[in-house]
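User: Could you walk me through how this predicted model is packed inside? I'd like the reasoning along with each result.

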Amino acid sequence: MASYKPTNIPVYPKLGEKVTEETLYWKNYKTPIQIKEFGAVSNIHFSPVTPYNFAVTAFTRIHLYGLLSQEPVKTFTRFKDTAYCGRFRSDGQLLVAGCEDSVVRLFDVSGKVALRMFKGHTKAVHVTDFTSDRYQILTGSDDYTCCLWDIPNSAQLNTYQEHTDYIRCGVTSQLNRDLFVTGSYDHSLKVFDARVDKSVMTINHGHPVESLLLYPSEGLLVSAGGRYVRVWDLLKGGQPLVSLKNHHKTVTCLALSSNGQRLLSGSLDRHVKVYNTTSYKVVHNFDYPAAILSLALAPEDESIVVGMTNSILSIKHRKPSEEAKETAGHQRRRPSYRVYAHRKSYVPKQDDYLVSKPVRQHLAKYDKQLKKFNVSKALDTALETWIRGRKPEITVAVIRELDRRGTLKNALAGRDEQELSRLLSFLIANLVDARFAPVLITAAEMILDIYQSIIGQSPVVDKQLLHLQSLLERELDYQKDLLEVLGMLDTMFASSLPKIELPCSGISTSNGLPQGQSTASRPQVQVN
Amino acid sequence: MVEHGDVRVVHKGGSKINFREPALSTDSRFLLCASGESVKVFSTATEECLHALQGHTDLITGVLLRPSNHLQAYSCSLDGTVRLWDFTDGILIRTYSIGYPIYGIYASAKHEGVIFIITPMHTDTNSELFQLVAVHLPQCGEQLVEAKELSAVLSNISSNPAASAFGREGQYIVSAKPLQLEVYFFKKHKSYSFFLKKDNQKGGKNTFTCITCHPTEDCIASGHEDGKIRLWRNFNHRKEYTYSTLHWHHSAVSSLRFTPEGTNLLSGGVESVLVQWRYNQESQRDFLPRLGGAITHISVSPDGALFCTSHSDNKITIIQSCVKVSAVIQGLVKGDRIRTDLMIEPRSKALVLNGKPGHLQFYSLQRDKLLYNLDIVQQEYIHESGLEQFEVVMAAFDASGSWLATVEERKQKAPELELNLKLWAFDDQKQSFVLNTTISAPHEGRITALCFPHVSDGQTTMLVSTSRDGHFKAWQLAAPAHTEDEGPSWSCDFLGAYHSLVPECCCFSADSSLLAVGFQEVVTVWTPASWELLTTLSQPPGAVRDLCFGRLSCSKYLLGATTSRLLCCWNLLTCSLEWVTSMDVSLLLADPLSENMAAFCFEAGSTDLFVFKPGEPRPLFSHKALCSGRVTHAVFVPREVMLESCDEASQWLNCSHLYFLTQSMDLLTFITKAEEDKLTASSKQLVVSDDVAMTPFHLLLGKHRDQLENPQAESRLSVEPIRQPSSSAGINELLQMPAHVLPSASFLCSMFVQSLLISVNKPSEQNKEKEEEMESEKEEEDSDGEMESRISRPEHMPSGESGCAAPALTKEEVRELRRLKKLDHSWMKGLLD
């Protein structure tokens, strides 16, 4: 005696975005906290030491935020004009920032007044950074020069005048105190060595360079400019490694995830893209409400901070990890576990005769009804709001099963206004879904057959029927358009494919195929 | 033309066991069922077929226990004889020749020496009218008796044996015609008839389908076409009869039975639910649902302990007291038509074809037993006639047997066609196929062919399907695209078409480097590596129906059968036609182990078989008029042991058997004379003694015992008769000793095995044994069996060794001989030189 076989619910391929481990990782952030700043957020920099405060440069101020605070813990306001590029020193004690008024200011994180003012540039300073020995500062300015300054005696050590346009980005090496890279609007990246007074390497990016990033190993350099993100191998003399064109507007900022496995780029097209650094494929994509100017990742990817042109700072914090949640759930379940503990731990002895109980088959509600041949009730249970809304495939599978049993008409018939409108609303929601269409069209035809006599009696049902009609008309137009496109594509494919000469044409007489037919024979090949 | 030689066509396996109601023996240990031309005796406990009672020369139409002797059974057949058997020993006791074809048999304890049979009223075979005839069986000791005393009891009855039944204690006999119930009382010699209207008001059909009588009360139960059961009472009056109606079945009741005490009534029908009604409390019913195919017969053992139901899918279910299915005897399921081809599963060498609806059956041809059913559709089967169900229409195995592809379809009309392509992977742990990928709607039209490449090493990763929608698709086993998918699955790799023609067949070459797809008149040859069209071959007019690549040395040939009655052979090296012959080939097959090909040709209403090599002009074997109708399913089954026949006519059977299905669904095969001789020699009847349980273990032991007995029996011919062969003493000891006094099984086992092995010792070893001066005295703790064999052996040794015919040598003489042998005879050689 075979047991009842439950209705087979087909697993449909998921439409839309594929769920990967990456998406799970990057989706695991809470809803963003949005903070309104005074102007466009041009730079965000995380302090390298705990508690990982971050400096947000916006208009004439630099705010310091704590990792989890929503209010600034500290504010630097002593700027006469727009501030640029607020950066922490590697010990987190000092902060440097450029300014539209060409003065570079150095702050103590705990103080308010600038410790040093470096004057020497003639135009706005957009780039500031500390060298890895902590005693020097790199600045780059709109006057096409970049300078090295000594912090203790605030003297200008070196000036390089090699760029021919604004210098808008630069980065210092963390491994060598003398090396730094600058990027300029003259499309070039230059690598400088402080021990020589000339650049040691020039790389052409091809577009005005907006942002630079050095890998932790410092063998690879990433530059962003125009719509391109380019990766260069510095150890091979600036050989281009890969060029990524995934944004459709200028890429403004770059960041590296904490383990160095993922590269993030933000752009004016309001997207942040996450790349795998081994394959350089986009693995995830964040959408933001406005054009993105700056981007930073907290250590361990605990939060993503994005600054936008509409002066909004968006902070996304990572959700607490699964383990914490599990332990919480464990505690909740503990009492019931205790009740069954002794039964579970009972181990039968060697001589015990085990009476095995037949395993009871658990059936879903609709299957129980189907087993009893209660066709209407089975359809009712399958049309419950939860199933109908969340898992339409179950409802469709039950309808298909009823159709297979030849009892769909019986199940659909004899319904009152409310039930009928429920059925119709389900049809309206799912009829044009290509996965369900074959089954639901049969059901819709049957419903129209059964209930055609009562059309006009209920305004609710009439309205839904009209809706269904318009839906079908729209779908027909849509399908027609699609077919036209398909036809166009076919012609294009056919004309672009190379003609294959078949060896059979020469011997066509021997195998009896008429000459004219065989010369015209060309395979219609479509590769899926 | 090659002569048939000694190759013969025989029925092989898979006979019908649900044709007539099976009979259960009085002690419920045996089940007798009519199966083709023999009666099979099954053990109800182990489901094994113990033996077949052979002797009838035509279809057996009834099996019945002899009422006066519960160890004997009658069987009747269309050959016009009734045979009496001792079914425990499988001995034919007597044959009664009646002279007319018999369609059913009845007997009652009250009518000693009389049996009642159904025969046609007229001697011409196509007569639709049948009569019930009482036959007085003459009492005499001869083997073949002619029964002449015939007297007609009822005339114009149904040929269906279920439509007639004996009443209480054999006092009356009831028979149902389409709308009439006729009761004949033996005492009064009078018959009453009761009529029903053709249709009742609700449109139900009142036609009688089956009938049974209560064993102790005057009550007749009748089943009807519309699913009703009527209980007739008070029928010994023409006018005052009454009946009550029971209704549960939704379609015709096919079988009814009362339990021996008359407390319950069992009924069954198409729904495949066994319904148990309480007699006199008919509102109480018990159900046993989902037994399998439609129930065709129900029978009850005389002690009421077991029921058994026959099903339309060639199955007998044994049920213990209406609660538990205790055993299932499953024959080869043969539906109305086989949609899949016959296939051989490469691992178990089982024959695979459509089985139960929505299943594939794996049938062992060697053991003539169904191994298992694989559920392909995985849906609840609704037993209702006229319902369009999912059917498995195509299946294919890859060369190593690790993948199975199946196609199921529902509703063949084009717009509503539902198609599923399923791929099953062989699971080593479960030893069965596990669903890997389901592709719903793989094509827009029906699938016409399905094939795997023949990759002998490594994994198959490709499948090609052709469809009516004008495309063929290549499916590829691909690694999971994402990490959360469990394993590799199949997806479409290539879609090919040719001039929007419909592909009908496809075939991979032996090394899988070429794929041939037949697009109506044109054969296209593709290379699967790059999916390039290499060449086209054609032989118009007529579409290509079958394609087949040659094997081994003939792998350069491609054979195709066309609808214009041509068999073409193309040479792929020159891309030209090698030869054409005019024959209407209905099926073209290649032997996987040799170059041979078999072509079944339909000629003038019957099928001819030609076996040939593509490269040779002369067929190896031909058989005219194999069977009537077209043969559309056949398969080469690789042999387990290669034959080494040198006979030209039977050489093609050396590697493989050829099985084929005729239009009437008979599974036939070819057998060589040598094989046949071997078979008859080995099929000596096993006499099953009554005191040992009929278990497979017993059969195994019994076989060994036979083997032990036989050599001695031969040797006994030459020497004086000796005492009872007791080489099986060890076995007897093992079986007859109470279990609690025996030592542990591990200790016994080695002894037991030794006792079986020792009889194979060569005589030369025994010589040595003797020379070792009775050292074996120490080995007395050996089992009895060994001792016995050692004693018995010297007796036949002299007859075996002709050289030393002298009586046994004494010890001194032996030593003398040995010394002589050791002497240096080289001086003699020197002398000769």
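User: Which residues of helix 10 of chain A are buried, and which helices do they pack against?

Analyst: Happy to start there, remembering that this is a predicted model. Buried means under 20% relative accessible area, and in helix 10 of chain A that applies to Val461(A), Gln464(A), Leu465(A), Leu468(A), Leu471(A) and Glu475(A). The buried residues of this helix pack against helix 8 (417-430) and helix 9 (437-451) of chain A.

User: How far apart are the end C-alpha atoms of helix 10 of chain A?

Analyst: Helix 10 covers residues 459-496 of chain A, which is 38 residues. At 1.5 Å a residue, the expected span is 56 Å, and this agrees with the distance between the end C-alpha atoms, 55 Å.

User: Which helix of chain A gives the most to the largest nonpolar core?

Analyst: That core has 38 residues, and those touching the most other members are Ile399(A), Leu402(A), Leu424(A), Leu440(A) and Ile447(A). Several helices of chain A supply at least two residues each, including helix 6 (392-404), helix 8 and helix 10. The top contributor, with seven residues, is helix 9 of chain A.

User: How many disulfides are there over all chains, and how far is the sulfur of Cys33(B) from the closest cysteine sulfur?

Analyst: A disulfide needs two cysteine sulfur atoms within 2.5 Å. Cys33(B) is buried, at 0% relative accessible area, but the closest cysteine sulfur, in Cys49(B), is too far for a bond. Over all chains the disulfide count is zero, and the sulfur distance for Cys33(B) is 8.0 Å.

Conventions
Residues are numbered from 1 along each chain as its sequence is written. Chains are lettered from A and ligands numbered from 1 in the order in which they are written. This is a predicted model: local features need pLDDT of at least 70, side-chain atom pairs count only at pLDDT 80 or more; totals for chains, interfaces and linings use all residues. Side-chain values use heavy atoms; hydrogens and water are left out. Helices (H or I, at least four residues) and strands (E, at least two) are DSSP runs, numbered from the N terminus. The expected span of a helix is 1.5 Å times one less than its number of residues. Buried means under 20% relative accessible area, exposed over 50%, partly exposed in between (1.4 Å probe, protein chains only). Contact means heavy atoms within 4.5 Å. A nonpolar core is a set of buried Ala, Val, Leu, Ile, Met, Phe, Trp, Tyr and Cys residues joined through side-chain atoms within 4.5 Å.
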